[in-house]
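Q: Could you help me take a close look at one part of this protein? I am new to reading structures, so please go step by step.

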Amino acid sequence: FDGHPVHFQCYHASETTPQELRHAIQSFEWEHESDLVDSFGMTPFHILFGSTNARMDLLLVLLEAFSPKLLDWKDNYGKRAEEYLSNVWMDDESARPMMQLVLQKRLLDRLSIWGAHQTWRVEMEHKIHRLLDADDKDSRNKHLRGVNGLMKRFQQIELVALLDLWLWKQKMETEDGGLVPMLLDRASYRAKCGFSFVRPIVFGFLGSDSIDY
């Protein structure tokens, strides 16, 4: 962990105090999220959750210092930090609240920021509860894949929606900066702004899940 004092403190989670972890974070100079990643592509969250001594108090310190977006980072093996927590799950008393907090920060809070439809949040909460109630590693990992698959689907739909709105806005702005009259229905403005032509191309990259939009 040469050059990564935060990783070092997380690795020794059984002995590290919250004050020592805060000091390591304050003494480490970083500008970009990539500066918080070691040669294995691991963030401090990966290291903390890779230990059987992962603790909630240390997790809270990391969440105070770093953006929840760092939880979405995948290491060189294609794994997010929560996958390590799922694999070293020692007991529900310690692991369950940490997993619940991580998924709240990484997924549910993001849906709230988007202003996503309530049904999306309810569906995600249902899948997360099934994950938290699983009593063995294989079941947890299966439900975790389901949770991440659902979030990917939501992200694809959201991306298509943003593209839709952007094309509509571009069409509304005429060459002289004026506005064309508001179209009466969604199908009409989609045809006028070109979304109907762009949509199949975008779906080809995003996958069939986006077609729900």
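Q: Which residue forms a salt bridge with aspartate 133, and how far apart are the closest N and O atoms?

A: Happy to help! This is a predicted model, in which local features need pLDDT of at least 70, side-chain atom pairs count only at pLDDT 80 or more, and totals for chains, interfaces and linings use all residues. Residues are numbered from 1 along each chain as its sequence is written, and side-chain values use heavy atoms, with hydrogens and water left out.

The partner of aspartate 133 is arginine 96, with the closest N and O atoms 3.0 Å apart. A salt bridge here is a side-chain nitrogen of Lys or Arg within 4 Å of a carboxyl oxygen of Asp or Glu. This one links distant parts of the chain: aspartate 133 sits in helix 7 and arginine 96 in helix 6, 37 residues apart. (Helices are DSSP runs of H or I, at least four residues, numbered from the N terminus.) Aspartate 133 is exposed at 54% relative accessibility, while arginine 96 is partly exposed at 27%. Buried means under 20% relative accessible area, exposed over 50%, and partly exposed in between, using a 1.4 Å probe and protein chains only.

Now look along helix 7 itself. Its buried residues are Trp120, Arg121, Met124, Ile128, Leu131 and Leu132. They cover an arc of only 100° around the axis, which puts them on the same side of helix 7; the arc is that of the directions from the helix axis to the C-beta atoms. The face turned away from this buried side carries the exposed residues Gln118 and Asp133.

How values were computed: Helix = DSSP H or I, 4+ residues; strand = E, 2+ residues; numbered from the N terminus.
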